Each structure stands twice: as structure tokens, then as C-alpha cells.
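Subject: Structure handover

Hello,

Here is the structure I promised you. Please open it alongside this email; my notes follow below.

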Amino acid sequence: MKRTGILFFPAFDWSLGDSHPEREERLLYTQEQLFEEGILDLPQIKQFSPRVATMKDVLRTQALFPNPGAHTESLDPHLISAGSSLLLGEAQVNGEIDNGFVMARPPGHHSGATVWGNRGFCSLNNEAILVNYLRARFGKKRIAIVDTDVHHGDGTQDIFYHDPNVLFISLHQDGRTLYPGSGFVNEKGGPNAWDQTLNIPLPPGTGDEGYHYILENWVLPRLQAFAPEIIINSAGQDNHFTDPLASMNLTARGYGRITELLQPDLAVLEGGYSIEGALPYVNLAILLALAGEDYHHVREPQKLKRTTLTLAALKPYIQDLQKQQQTVKQSFTIQNKPYFPKGNWISIPHSVYYDTEGFQETRHDYVRECSNCAGTVYIESRRYTEKSILVRIPFEACPICEQAGYDLWDHLQKPNEGFANGMLQNQLHDKQYLWNRKEGLMEF
Ligand SMILES: [Zn+2]
Ligand SMILES: [Zn+2]
């Protein structure tokens with residue numbers, strides 16, 4: 001038996017449209033189901049009420065461009081969703097609960113290091129904001145995120161791509177067949193965090209057996225080797241065989257087993273759009289598994305009709321994928337701009353499509369190569385003609401990278417450099433600064 005915290009935030013007043021798959025009914029049926037099953041009467045279940053995240057909590061992890069003010073109207077439900085993760089995370093770290101399940105929406109895992117708007121239904125990254133909160137406030141050092149949503153957790157990957165202290169593992173339907181089109185085995189992390197990103201793209205039709213095989217033979221050994229203090233599960237339910245957006249074949253019990261195998265300290269709801277046919281049962285199975293109760297009786301009303309890949313067919317595919325992943329070698333390009341502080345700055349081009357609003361963000365990411373810390377990150381980001389800058393001094397930055405961050409930041413504010421606004425994310429000292437040519441400096 002485990003003391004399990006749960007938190008519901010259905011965000012009644014937030015939707016992307018009445019017929020949109022990401023809508024409030026996503027959690028209403030779950031709430032009813034858990035109530036009917038008497039889950040809330042179990043002695044080990046403790047229910048929590050949502051909390052609002054502060055702007056400082058967000059800016060520690062994500063830069064809102066061109067400035068946070070441009071987002072305030074639409075951010076409220078996202079801040080509550082993020083705040084709810086912080087609340088349960090805190091309860092877990094304080095020992096009030098053994099583990100927890102945040103059933104809040106909107107989801108977050110497509111939202112990255114720089115945010116110009118909503119994409120893939122996400123504006124703020126709930127799990128990433130939580131991870132950095134636990135590091136800043138509770139001194140946690142090593143955290144793993146395992147993303148079991150059917151879509152690649154591209155936003156979370158983006159945020160931690162240069163961070164050797166956060167292991168990010170994403171299992172998802174192959175990006176050649178599903179949004180957002182990324183998450184391949186060669187995406188293994190930046191030069192200072194090589195191999196701390198693990199992508200496992202799976203063929204459509206993967207079912208319980210295949211999924212569990214991959215967890216036992218690939219994901220769990222990797223987690224064990226990393227030895228995280230905390231494991232967070234981005235728990236997307238859209239691998240279910242009734243999900244209208246994807247083509248995987250997991251069952252509710254299959255999800256229960258995933259939870260039992262992973263033993264996450266915290267599960268945070270991501271996607272899942274089979275609102276009546278899957279979500280109430282998947283959420284129930286996950287919750288039972290977290291609470292150390294039997295979940296094998298949980299059955300969704302529909303029967304699995306789609307063809308599922310057999311383990312015999314899947315095994316060679318996975319072994320091949322594993323081999324490919326292991327043989328990918330680092331190949332990075334050094335590109336030092338005249339005003340860059342000394343060192344090797346690795347350039348990684350990046351572009352992000354915002355499907356909700358239909359525009360493209362073009363980015364140039366640079367990270368200072370460093371064997372003593374995660375390295376200072378410098379990102380130039382453009383949306384149409386607007387350009388914003390992010391300088392990030394990482395947690396536990398070495399003195400040279402810290403100074404490099406300040407030097408870059410000073411340079412960007414010089415009158416003749418042509419930059420209009422930017423952000424300094426000083427994770428080392430937990431300070432965030434926004435700068436705008438007209439309004440000057442603001443500290444968080
Ligand atoms: Zn999803
Ligand atoms: Zn360094």
C-alpha cells in the first residue's frame with residue numbers, strides 16, 4: 001500500500017473549441033469513474049486542491065516571448081495546471097505522500113524552452129517547471145522524466161537537451177507517422193548532455209506486450225544506470241487502442257502495468273482523447289497501480305479490434321533500434337560569434353511549428369562546450385520579424401560558464417546591438433531577468 005496523492009483540475013473554462021479533442025470532459029468521466037469505484041474512500045488516497053504557479057516558477061524554466069505580458073490573457077488555466085504539479089511534487093518531496101497523480105489539463109509536454117504561443121494544446125510545460133522547481137527549492141540533483149504519451153515529448157526534450165542532470169526518455173509512435181514528427185534515436189542530447197535524451201519511436205500497432213518488453217529491457221536498465229532521485233512520468237493516455245488521434249494498442253491494464261514497472265514518484269497527465277472509452281479506465285488503472293492496489297480487474301467497455309504487432313515481430317525491430325541508438329556518434333558544429341565569450345560554442349539550428357496558431361519559430365541555439373557543467377546556453381529566437389534572446393546560466397554552472405552568461409547578457413543590452421528584448425535565466429542563483437529596450441530591466 002502506498003500513500004498516493006491525487007489532484008483534479010478539469011479547467012472548465014479553457015478549451016480550444018467545443019469539438020476539439022482537448023476539452024474539459026477529458027477529466028469529468030474520470031472523476032465519475034473514480035468516485036463510483038470508491039477510490040476516494042481508500043485510506044491511502046489523499047486528494048489535493050489545485051494551486052497557481054507563479055511567473056517566477058515558469059520563467060525559471062521557459063522564456064515567454066516577446067514578453068510574459070503578451071501571454072497573460074490565455075495563461076490562467078496553464079498556470080493552474082503547472083501549479084498543481086508543483087503542489088503534488090512538493091507533497092511527495094516532503095514525505096506527505098509516497099507518490100501522486102496530477103490529473104490536470106491543459107497538458108504541457110509540447111511546450112519548450114522558448115514559448116511564443118500554444119502548440120500541440122500546450123502553452124506551459126508542467127513537468128519541466130516541476131523538475132526545475134524541485135531543483136531550485138529542494139536542492140534535488142538528478143531527475144528522470146519518462147514520457148509515455150503517444151506523441152514525442154518534444155517540448156520537454158528541448159528544455160533539458162543540454163542538461164546532463166535530467167534524463168529524458170520518450171516512448172512514442174514513430175514521428176514519421178504522427179505529430180510532432182520528431183523523437184528519433186539520433187536525438188541524444190547536446191554536447192554536454194550526450195546520451196541523456198533517449199527516444200524510442202515505436203511502430204503503429206504496438207500493444208501492451210511490446211510496450212512492457214521495451215520498458216523491461218531498455219527503459220528500466222537505463223533508469224537504473226542513471227539512478228535518479230525522482231522519477232516523473234508524463235502520463236499520456238493516447239496510446240490506448242480507442243484513441244482517435246493515434247494508432248497504438250495499449251489497454252487500461254497495460255497502462256497499469258507500465259505504472260507498476262516504472263514506479264514513478266509522480267505521474268502527470270498529458271494527452272488522451274478517447275474521453276469516454278479510455279481515460280476513465282486508464283486513469284483508474286494508473287491510480288490503483290500507484291496506490292499499490294490490484295488493477296487487473298479494470299476493463300474498458302470496448303474490445304480491442306485493431307491488429308496488434310506480435311512480440312515476435314516487434315523484438316527484432318527494437319533490437320535494431322537499440323543498436324542504431326548506440327552507434328549514433330556525436331557530430332556538432334562549433335560556431336563562435338565575434339561577441340561570444342571565450343570557449344567553443346556549439347551551434348544547433350532548431351525550428352518549431354506552432355500548430356494551434358499556425359506560425360513558425362526559427363531558432364539558433366548555442367551552448368558553451370564545458371566538461372565541468374551543463375554549459376551556458378544562448379538562444380536567438382525569431383517569429384516573423386520579432387526577435388528575442390534567451391541566455392541561460394545552468395544549475396551548478398562552473399565559474400567560467402557563469403561569467404560567460406553575464407558577459408553575453410551585458411553585450412546584448414548595448415545600444416548598438418539591435419536586440420529589442422531578452423531574458424536571462426540564471427538557474428544557478430535562481431534569478432530571472434527580463435530586459436526590454438524601451439522598458440529596461442525587470443527581475444523575478
Ligand atoms: Zn499526446
Ligand atoms: Zn561550465
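The model holds three cavities of 30 Å³ or more. Please keep in mind that this is a predicted model. The largest cavity has a volume of about 80 Å³. Its lining includes Asn132, Arg135, Ile159, Phe160, His162 and Asp163. Further along the chain, Ala374, Gly375, Val377, Arg392, Pro394 and Gln427 also line the largest cavity. Two elements, α4 (126–138) and α5, each give two or more residues to that lining. Sorted by class, the lining of the largest cavity has five nonpolar, four polar and three charged residues.

Pockets next. The largest pocket has a volume of about 700 Å³. It is lined by 40 residues, and the closest to its centre are Gln157, Tyr161, Glu187, Ile348 and His350. Four elements give two or more residues each to the lining of the largest pocket: α5, β12 (345–354), β13 (359–368) and β14 (377–383). Which element gives the largest share of that lining? That is β12, with eight residues. By class, the lining of the largest pocket has 15 nonpolar, 17 polar and eight charged residues.

The second largest pocket contains about 240 Å³ of space. Of its 18 lining residues, Asn67, Leu434, Asn436, Glu439 and Met442 are the closest to its centre. Strands β16 (421–426), β17 (431–436) and β18 (440–443) each give two or more residues to the lining of this second pocket. The classes here are 11 nonpolar, six polar and one charged.

Now the metals. Zinc ion (ligand 1) is coordinated by Asp149, His151 and Asp238. Asp149 appears twice in the donor list, each time through OD. His151 uses ND1, and Asp238 uses OD. The distances run from 2.0 to 2.7 Å. What geometry does the site of ligand 1 have? It is irregular, with angles of 53 to 152° among the four donor atoms. For a site with four donors to count as tetrahedral, all angles must lie between 85 and 135 degrees. The spacing of the donor residues in sequence is D-x1-H-x86-D. Histidine 151 and aspartate 238 link distant parts of the chain, 87 residues apart. Histidine 151 sits in the loop between β6 (143–147) and α5 (154–160). Aspartate 238 sits in the loop between β9 (230–235) and α7 (252–262). Why do both count as buried? Histidine 151 counts as buried because its relative accessibility is 7%, and aspartate 238 because its value is 0%; the cut-off is under 20%.

Zinc ion (ligand 2) has another set of donors. These are the SG atoms of Cys370, Cys373, Cys398 and Cys401, lying 2.3 Å from the ion. The site of ligand 2 is tetrahedral, with angles of 99 to 118° among its four donor atoms. For reference, the ideal angle for four tetrahedral donors is 109.5 degrees. In sequence the donor residues of ligand 2 are spaced C-x2-C-x24-C-x2-C. Cysteine 398 is buried, at 9% relative accessibility. Cysteine 401 is buried too, at 0%.

Back to the loop between β9 and α7, where asparagine 239 is found. Asparagine 239 counts as buried because its relative accessible area is 1%. Setting aside neighbours within four places in sequence, asparagine 239 is in contact with Thr148, Asp149, Val150, Tyr211, Met248, Asn249, Leu250 and Tyr255. One of these contacts, Asp149, is also a donor to zinc ion (ligand 1).

Last, the helix after that loop. Is α7 mostly covered or mostly open? It is mostly covered, with eight of its 11 residues buried. The buried ones are Ala252, Gly254, Tyr255, Gly256, Ile258, Thr259, Leu261 and Leu262. They pack against β6, α6 (208–226), β9 and α8 (279–290). Tyr255, buried in α7, is also among the contacts of asparagine 239. Glutamine 263 follows α7, and its phi is positive, near 50°.

Best wishes

Key. Residues are numbered from 1 along each chain as its sequence is written. Chains are lettered from A and ligands numbered from 1 in the order in which they are written. This is a predicted model: local features need pLDDT of at least 70, side-chain atom pairs count only at pLDDT 80 or more; totals for chains, interfaces and linings use all residues. Side-chain values use heavy atoms; hydrogens and water are left out. Donors are N, O and S atoms within 2.8 Å of the metal (3.2 Å for Na, K and Ca); water is not among the atoms, so sites may look incomplete. Four donors count as tetrahedral if all angles lie between 85 and 135 degrees; four count as square planar and six as octahedral if opposite donors are over 155 degrees apart and all others between 65 and 115; anything else is irregular. Buried means under 20% relative accessible area, exposed over 50%, partly exposed in between (1.4 Å probe, protein chains only). On a 1 Å grid over the protein atoms alone, a cavity is a set of points where a 1.4 Å probe fits but cannot get out, and a pocket is an open set with protein on both sides within 12 Å along at least five of seven lines; lining residues have an atom within 4 Å of a point. Grid points are joined across faces, edges and corners, and a volume is the space filled by probe spheres set on the points. Ala, Val, Leu, Ile, Met, Phe, Trp, Tyr, Cys and Pro count as nonpolar, Asp, Glu, Lys and Arg as charged, and the others, Gly among them, as polar. Contact means heavy atoms within 4.5 Å.
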